[in-house]
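Here are a few exercises to work through with the model open. Try each one before you read the solution.

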Amino acid sequence: MKVKIDADLCSACGVCADSVPDIFRMADTTAEVIKPDVPANLEKEVQGAADDCPTSAIIIEK
Ligand code: SF4
């Protein structure tokens with residue numbers, strides 16, 4: 001699984017960085033991806049963060 005963030009959609013709410021800090025962190029005005037290649041043991045958490053993102057800014061590629 002690969003993940004990226006659409007910075008134009010991100011509202012910087014912080015949900016993704018709070019829920020999966022090994023993958024997401026907050027930058028100045030948006031969240032950013034630390035590890036675009038998601039380890040298998042974090043795939044479920046990353047999918048959950050994408051589902052919870054209020055602006056659907058988290059894009060998953062399988
Ligand atoms: S959950 Fe979505 S809107 Fe919130 S910081 Fe993460 S990518 Fe941005």
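**Exercise 1.** Is Ala12 buried, partly exposed or exposed?

*Solution.* First, some ground rules: this is a predicted model, where local features need pLDDT of at least 70, side-chain atom pairs count only at pLDDT 80 or more, and totals for chains, interfaces and linings use all residues. Residues are numbered from 1 along each chain as its sequence is written, and side-chain values use heavy atoms, with hydrogens and water left out.

Next, the cut-offs: buried means under 20% relative accessible area, exposed over 50%, and partly exposed in between (1.4 Å probe, protein chains only). Ala12 comes in at 33%, so it counts as partly exposed.

Now check its backbone: phi of Ala12 is near 60 degrees, a positive value in a residue other than glycine.

**Exercise 2.** Which residues surround the ligand?

*Solution.* Look for residues with a heavy atom within 4 Å of the ligand. You should find Cys10, Ser11, Ala12, Cys13, Gly14, Val15, Cys16, Ala31, Cys53, Thr55, Ala57 and Ile58. Then sort that shell: nine are nonpolar (Ala, Val, Leu, Ile, Met, Phe, Trp, Tyr, Cys and Pro count as such), three are polar and none is charged (Asp, Glu, Lys or Arg).

**Exercise 3.** Which residues have the most contacts inside the largest nonpolar core?

*Solution.* Start with buried Ala, Val, Leu, Ile, Met, Phe, Trp, Tyr and Cys residues joined through side-chain atoms within 4.5 Å. The largest such core has 17 residues, and Val3, Ile5, Ile23, Phe24, Val46 and Ile58 have the most contacts inside it.
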